[in-house]
Amino acid sequence: RPPCERPATLQHSRCIWRFKVGMNSGAPVGQRGTSTRSPESRNGKEVVGSFDWIGDFEDFKDLLAPAALGLGSSPRMLMVGCGTSTLSEKLYHAGYTDMVNVDIDEDQIAHMRAQHLDKPTMQWKTADITDMTPHFSEGGCFEAIVDKGTLDALLCTDQAAEMFYEEWRLLAIGGVLVTISFRPADFISSLLAAPSLPAAITSTAVHTEGRDAGTVFYLRKEAACIPELVAFKAAVDLQIEQWHQEEAPLLTPRREAHIREQFTQLSANTGRVGVRECHGVLFGEEERGEYGYDEALFREDLSAWRAEQRRASGEEEGEEEEEEEEE
């Protein structure tokens with residue numbers, strides 16, 4: 001994970017974001033992914049088969065066709081965070097033959113390029129969607145941009161605003177940004193609206209065979225307006241913070257009282273609570289299935305929280321208490 005550049009009030013909330021986004025060491029959760037391989041590949045592992053977050057093409061095909069988006073024949077498309085999903089190939093056959101697929105994982109891009117040599121108008125690029133200027137310095141070059149699950153992932157890495165900014169910059173006037181997400185619809189809608197862009201935003205919830213297949217969000221660019229990145233990021237980050245603190249707080253008064261009671265009981269004999277026990281108290285059984293115990297990451301979150309408590313109490317930088325052994 002990249003260094004956190006958010007304010008301290010957000011730094012110690014990263015564990016909550018990891019839980020709420022439904023990610024645990026990159027593995028799919030419940031019905032959210034379909035795979036014929038392990039999704040891991042960025043450490044030099046062989047890439048085989050395919051992997052799709054959230055749902056498959058059949059869930060969304062009627063919502064993604066060029067005609068459904070009000071686009072002409074064979075519009076130029078950017079597929080964000082393509083991975084080894086079959087979505088690119090299926091959209092190619094659905095009319096998006098002029099397509100650029102990007103992913104930060106060079107192994108996956110190499111694998112997918114080799115699998116689609118018979119499609120010369122389908123490009124595959126290793127690229128960072130939070131900064132596409134090395135590949136596309138000029139904006140407004142795509143009539144359609146599709147993201148299935150990438151925004152959900154980047155909400156865990158503090159780079160959602162940068163990704164959204166680049167998507168907006170690259171989108172042509174009249175073009176459509178399609179975001180498919182399993183996050184709460186109200187949250188994503190408010191995030192897309194946060195920068196007050198000249199755009200029309202709509203959404204459609206998708207339900208397939210009794211299961212929630214996510215929500216499809218459409219943002220149509222109505223005018224050429226590229227705001228400053230700093231202001232854009234500030235607006236999006238503020239909306240993310242407000243959502244988790246006001247609209248959907250993980251810590252309610254009732255839950256806080258329960259946590260305090262649990263800590264009191266566990267520390268009654270020794271005055272101490274082990275790190276794993278701490279994790280067990282803070283997250284319920286269902287939540288632990290989403291935010292599994294990883295000692296290194298959990299300790300990092302605890303350290304960020306302690307640092308904020310020191311700042312709030314007025315301690316000088318570097319005036320840190322000695323780290324105690326929790327276990």
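**Close-up views of a predicted model**

**View 1. I104, a loop residue with a distant partner in sequence.** With a relative accessibility of 44%, I104 counts as partly exposed, because that class lies between the buried limit of under 20% and the exposed limit of over 50%. Look for I104 in the loop that links β4 (99–103) to α5 (106–115). This is a predicted model, and in it I104 sits 5.3 Å from D128, C-alpha to C-alpha, although 24 residues separate the two in sequence.

**View 2. The whole chain, as a setting for the close-ups.** The protein chain holds 13 helices and nine strands. Of its 327 residues, 45% are buried. Now think about contacts between residues at least 6 apart in sequence: 67% of them join residues at least 24 apart.

**View 3. T86, another loop residue to find.** T86 belongs to the loop between β3 and α4 (87–93). Is T86 buried or partly exposed? Its relative accessible area is 21%, so T86 is partly exposed, given that buried means under 20%. In sequence T86 and D56 are 30 residues apart, while in space their C-alpha atoms are 7.9 Å apart.

**View 4. Helix α7, enclosed along its length.** How many of the eleven residues of α7 are buried? Eleven of the eleven are, so α7 is largely enclosed by the rest of the structure. The buried residues include nonpolar ones such as A160, M163, F164 and W168. Charged residues are on the list too, among them E162, E166, E167 and R169.

**View 5. Helix α7 packed against helix α9.** Two packed helices are described by the angle between their axes and the distance between the axes. For α7 and α9 (residues 229–247), the axes come within 9 Å and cross at roughly 130°. That angle makes α7 oblique to α9, and the crossing is right-handed. From α7 the contact uses A160, A161, E162, F164 and Y165, and from α9 it uses L229, F232, K233, V236, D237 and I240. Sorted by type, the residues of this contact are eight nonpolar, no polar and three charged.

**View 6. The largest nonpolar core.** In soluble globular proteins, nonpolar side chains tend to be buried together. Here the largest nonpolar core has 33 residues, and L78, M132, I145, L155 and F164 touch the most other members. Which helix gives the largest share of this core? Helix α7 (residues 160–170) does, with seven residues. Apart from this core lies another one of 26 residues, among them L71, M79, Y92 and M112.

**View 7. I145 and its neighbours.** Leave out residues up to four places away in sequence, and I145 touches L78, V80, E167, L170, L171, V176, L177 and V178. Two of these names, E167 and L170, also appear among the buried residues of α7.

**View 8. Helix α10 beside helix α11.** The axes of α10 (residues 253–266) and α11 (residues 275–282) come within 9 Å, crossing at roughly 150°. What does that make α10 relative to α11? The answer is roughly antiparallel, because angles over 145 degrees are placed in that class. The crossing of α10 and α11 is right-handed. On the α10 side you can find R255, I259, Q262, F263 and L266, which meet E277, C278, V281 and L282 of α11. These contact residues divide into six nonpolar, one polar and two charged.

**View 9. Helix α11 again, now with helix α13.** Here α11 packs with α13 (residues 295–312) at an angle of about 80°, and their axes are 11 Å apart. That makes α11 roughly perpendicular to α13. V275, C278, H279 and L282 of α11 meet F298, R299 and L302 of α13. In this contact, five residues are nonpolar, one is polar and one is charged. C278 and L282 may look familiar, as they also take part in the contact with α10.

**View 10. Two serines with a positive phi.** S74 is not a glycine, yet its phi is positive, about 50°. S74 lies in the loop between α3 (57–64) and β3 (77–80), and is partly exposed with a relative accessible area of 33%. S196, also not a glycine, has a positive phi of about 55°. Look for S196 in the loop between α8 (185–193) and β8 (199–208). At 65% relative accessibility, S196 counts as exposed.

Note on methods
Residues are numbered from 1 along each chain as its sequence is written. This is a predicted model: local features need pLDDT of at least 70, side-chain atom pairs count only at pLDDT 80 or more; totals for chains, interfaces and linings use all residues. Side-chain values use heavy atoms; hydrogens and water are left out. Axes are lines fitted to C-alpha atoms, for helices over the stretch in contact, and angles run from 0 to 180 degrees between N-to-C directions. Helices (H or I, at least four residues) and strands (E, at least two) are DSSP runs, numbered from the N terminus. Angles under 35 degrees count as roughly parallel, over 145 as roughly antiparallel, 65 to 115 as roughly perpendicular and the rest as oblique. A crossing is left-handed if the near helix is turned anticlockwise from the far one by less than a right angle, and right-handed if clockwise. Contact means heavy atoms within 4.5 Å. A nonpolar core is a set of buried Ala, Val, Leu, Ile, Met, Phe, Trp, Tyr and Cys residues joined through side-chain atoms within 4.5 Å. Buried means under 20% relative accessible area, exposed over 50%, partly exposed in between (1.4 Å probe, protein chains only).
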